[in-house]
2 protein chains.
Amino acid sequence: MIILKIGGNILNKPGALAEALDYFAALKGPAILVHGGGRKASEVIAAMGMEPKMIDGRRITDAATLEIVTMVYGGLINKQVVADLQARGRNAIGLSGADGNAILAEKRPVKTIDYGFAGDVLGADGEMLWRLLDAGLTPVLCPITHDGNGQLLNTNADTIANETAIAIARARPEEQVSLRYCFEFPGVMRDIKDADSWIPELVPNSYAGFKADGTIVGGMIPKLDNAFAAVAAGVEEVVIGDLPALRAGEGTRCMENK
Amino acid sequence: MIILKIGGNILNKPGALAEALDYFAALKGPAILVHGGGRKASEVIAAMGMEPKMIDGRRITDAATLEIVTMVYGGLINKQVVADLQARGRNAIGLSGADGNAILAEKRPVKTIDYGFAGDVLGADGEMLWRLLDAGLTPVLCPITHDGNGQLLNTNADTIANETAIAIARARPEEQVSLRYCFEFPGVMRDIKDADSWIPELVPNSYAGFKADGTIVGGMIPKLDNAFAAVAAGVEEVVIGDLPALRAGEGTRCMENK
């Protein structure tokens with residue numbers, strides 16, 4: 001059981017997207033695709049004469065922005081990816097968190113920053129997703145969730161992927177769940193300038209060491225914290241790499257301590 | 001088994017939409033909702049500085065327009081309606097024709113007019129829709145289809161409703177399928193200025209008479225031709241009326257000759 005997350009570095013390049021969908025469509029057995037789309041949303045926001053609002057790289061989702069991300073993630077990107085997978089013989093079904101109540105969230109509480117209609121995930125419905133998979137359908141998840149009271153919420157796609165993997169693993173502990181993040185590097189890098197410096201395997205102990213000695217810093221830390229949270233919650237492995245790495249069975253594999 | 005189609009007269013008025021969703025969510029047993037959204041699409045097209053292109057009330061779907069209707073129908077409207085139904089306790093799942101390969105279409109051949117990326121429906125997958133219904137899910141269909149080769153297509157929502165009803169009836173002939181069109185009048189009118197002049201029941205024979213004597217004219221003819229095509233294909237009844245009429249079990253009921 002494989003859950004693949006693709007982001008803007010893939011979605012904004014038609015050639016890269018086609019390659020990623022070739023890879024995904026050819027995976028054996030049940031699979032789930034999770035996509036982002038922030039760059040395209042920013043383009044549409046600009047085309048409508050608005051300014052994307054970001055603080056520290058996180059989008060502030062006011063009501064007008066929520067309409068646009070719902071259109072772009074749930075409509076434009078999700079439906080085209082589904083149609084592209086159908087053309088590759090994979091019977092895809094596009095879902096937001098509201099569809100089938102797949103992912104329930106709550107509006108992020110306002111502390112120092114008001115993120116607007118941003119959703120913090122409460123949980124994914126692994127049973128429902130397995131029912132779709134059992135029916136021969138391949139869920140394609142966009143990063144829109146809901147609060148159960150009719151409010152849609154903009155949600156981080158990495159979080160969607162992580163929570164989905166955890167719920168899928170919890171619902172069927174006998175299944176081995178592999179969560180794969182497709183990003184712009186061949187793996188977690190010791191030295192960002194050295195393409196060969198990717199780390200083949202991380203376990204909580206080695207990860208703690210790399211954090212302590214300053215090898216792993218910045219934006220990789222929340223990504224890997226999430227990865228190890230998934231591993232601790234029953235996901236067999238989390239693999240992080242670019243498409244060639246994932247295709248070759250490489251990338252950084254995050255697993256439990258041995 | 002009820003299939004309800006709602007259009008722009010409902011979707012563009014929040015109060016009317018809430019009432020229609022109250023009615024739909026409270027229906028007993030399996031149900032499918034089909035929505036349009038042309039008016040909202042025209043608003044978004046205008047907001048992006050483009051001109052809606054229409055010939056004889058039918059949209060010409062160029063590539064940029066297809067992106068917008070995919071965003072508006074598949075994203076904005078579909079996801080909000082799904083979230084609104086979840087809030088009413090109905091486990092809705094939003095679908096385009098690409099999702100689960102629910103509705104396959106072909107690009108409309110160019111005769112005198114090139115409608116661009118407009119889809120003529122080849123057929124709906126009644127078996128797949130029943131599998132979702134059996135899993136406790138309520139499909140919410142938007143008027144976007146696909147050609148199976150990765151091309152999304154803009155498709156008339158009445159046609160989606162009709163073809164879905166036919167496919168649902170064919171897949172389970174033992175089920176009684178009621179297709180309900182929610183539109184702006186209490187039923188098919190003998191006299192558009194007389195609110196009491198709605199026709200309670202039509203069968204092919206009486207319909208032919210009303211067409212011959214000029215009682216039924218204009219845009220009602222393609223609507224009713226479709227309705228009787230659905231009845232001939234195994235749909236038990238097609239009911240046409242406004243929301244109060246449908247709620248009261250009134251409206252014009254189209255059935256087979258007795």
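Tutor: Before we compare the chains of this predicted model, note that copies are superposed by least squares on the C-alpha atoms of residues with pLDDT of at least 70 in both.

Student: By what turn can chain B be laid on chain A, and which relation is that?

Tutor: Two copies of a chain are related by a rotation about an axis and a shift along it. Here the shift along the axis is 0.0 Å, the RMSD is 0.0 Å, and the turn that lays chain B on chain A is 180°. This is therefore the relation of a two-fold axis.

Student: How many Å is the radius of gyration of chain A?

Tutor: Chain A has 9 helices and 14 strands. The globule rule gives 18 Å for its 258 residues, and chain A is as compact as a globular protein of that length because its own radius of gyration is close to this, at 18 Å.

Student: Which residues touch the most other members of the largest nonpolar core?

Tutor: In soluble globular proteins, nonpolar side chains tend to be buried together. The largest nonpolar core holds 163 residues, and those touching the most other members are Val72(A), Ala165(A), Val72(B) and Ala165(B).

Student: Between which domains of chain B does this core lie?

Tutor: Ala165(B), one of those four core residues, is in contact with Ile3(B), Val177(B), Leu179(B), Ala230(B) and Val235(B), leaving aside its neighbours within four places in sequence. The core receives residues from both domains of chain B, and so it lies between domain 1 (2–175) and domain 2 (183–258).

Methods:
Residues are numbered from 1 along each chain as its sequence is written. Chains are lettered from A and ligands numbered from 1 in the order in which they are written. This is a predicted model: local features need pLDDT of at least 70, side-chain atom pairs count only at pLDDT 80 or more; totals for chains, interfaces and linings use all residues. Helices (H or I, at least four residues) and strands (E, at least two) are DSSP runs, numbered from the N terminus. The radius of gyration is taken over C-alpha atoms; the globule rule is 2.2 Å times the number of residues to the power 0.38. A nonpolar core is a set of buried Ala, Val, Leu, Ile, Met, Phe, Trp, Tyr and Cys residues joined through C-beta atoms within 7 Å. A residue is buried if 20 or more other C-beta atoms lie within 10 Å of its own, exposed if 12 or fewer, and partly exposed in between; C-beta atoms are placed from the backbone. Domain bounds come from an automatic or database domain assignment. Two residues are in contact if their C-beta atoms, placed from the backbone, lie within 7 Å.
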